[in-house]
Amino acid sequence: MCEHCAGDSSAQMPLGRRNLLKLAAATAASFALAGEAIAKNAKAPPKPQNVLSPDDALARLMRGNTRYVEGLTKRHDFAHEREALSKGQNPFAGVLSCADSRIGPEYCFDTGRGDVFVCRVAGNFASDDTIASFEYAVDVLKTPLIMVLGHDACGAVDATIKSVKDGTTLPGHLPALVTALTPAVKAVQNDGGDMLANAIRRNVMLNVEKLKSAGPILKAAVDDKKIRVVGGIYRLATGRVELLG
Ligand SMILES: [Zn+2]
């Protein structure tokens with residue numbers, strides 16, 4: 001035994017026995033790590049009250065909207081939520097809404113942080129990026145509900161109607177919005193009545209269908225009844241969200 005090995009009893013053992021001890025120590029460490037990972041996965045979600053069925057999630061969203069309409073919104077204690085949410089998130093609903101400054105999904109459903117997973121774009125249509133975002137919400141965060149939320153007097157839909165009617169091309173990147181919203185506008189062209197209101201409604205319905213049929217993740221979740229995808233229209237004058245049937 002050399003001086004460097006003094007005090008290390010394993011150094012006095014035959015090579016085979018030393019390797020066996022090392023292997024045992026490494027295996028024990030691996031089991032400890034695996035156990036830690038399992039315990040981490042099995043821990044309670046940051047907001048246990050957000051673990052809901054799709055129907056219960058929708059009912060909670062609409063109760064929040066009723067409070068908002070009636071001017072009875074809760075006081076949200078963001079400081080109180082902060083520590084739990086620093087560890088993760090489990091929103092009970094996803095919302096695809098317009099970028100319009102008058103539509104605030106967190107406000108109009110009277111929700112706190114960590115409650116709604118929101119994607120916003122002018123005209124509230126689902127692009128590949130939006131679908132991917134909701135795939136993350138559904139598959140990883142276990143969100144049970146997605147709502148496509150249109151609204152009265154949507155400027156993006158109105159601009160698309162004008163562009164389709166006049167055959168004009170809008171400046172900048174706006175044609176990308178027009179392209180995305182044109183199917184809804186064309187679908188209601190011959191319906192009569194208020195074309196803007198009809199196109200807003202049809203756009204919501206088309207995007208509900210698009211999200212429902214977006215394979216493989218969202219479609220499978222809908223088929224397995226793990227999630228619901230619903231449509232709503234936010235009424236500017238009252239703040240009420242009307243569900244589309
Ligand atoms: Zn809008």
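In which type of crossing, left-handed or right-handed, does H7 pass H8? The points below address this and the related packing of H6 in the predicted model.

1. The handedness of the first pair is stated at the outset: the crossing in which H7 passes H8 is right-handed. The residues that make this contact are Leu181, Pro183, Ala184, Val185 and Ala187 on H7, and Met195, Ala199, Arg202, Asn203 and Leu206 on H8. Sorted by class, the contact of H7 with H8 comprises eight nonpolar residues, one polar residue and one charged residue.

2. The geometry of this pair is as follows. Helix H7 spans residues 174-187 and helix H8 spans residues 195-212; their axes come within 8 Å and cross at roughly 120 degrees. H7 and H8 are therefore oblique to each other.

3. A second helix also packs with H8. Helix H6, residues 155-166, meets H8 at an angle of about 115 degrees, and the axes of the two are 10 Å apart. H6 is therefore roughly perpendicular to H8, since angles of 65 to 115 degrees are counted in that category.

4. The crossing of H6 past H8 is right-handed. On the H6 side, the contact involves Val157, Asp158, Ile161 and Lys165, while H8 contributes Met195, Leu196, Ala199 and Ile200. By class, the contact of H6 with H8 holds six nonpolar residues, no polar residues and two charged residues.

5. The two contacts may be read together at H8. Met195 and Ala199 of H8 take part in the contact with H7, and Met195 and Ala199 also take part in the contact with H6.

Technical notes
Residues are numbered from 1 along each chain as its sequence is written. This is a predicted model: local features need pLDDT of at least 70, side-chain atom pairs count only at pLDDT 80 or more; totals for chains, interfaces and linings use all residues. Side-chain values use heavy atoms; hydrogens and water are left out. Axes are lines fitted to C-alpha atoms, for helices over the stretch in contact, and angles run from 0 to 180 degrees between N-to-C directions. Helices (H or I, at least four residues) and strands (E, at least two) are DSSP runs, numbered from the N terminus. Angles under 35 degrees count as roughly parallel, over 145 as roughly antiparallel, 65 to 115 as roughly perpendicular and the rest as oblique. A crossing is left-handed if the near helix is turned anticlockwise from the far one by less than a right angle, and right-handed if clockwise. Contact means heavy atoms within 4.5 Å. Ala, Val, Leu, Ile, Met, Phe, Trp, Tyr, Cys and Pro count as nonpolar, Asp, Glu, Lys and Arg as charged, and the others, Gly among them, as polar.
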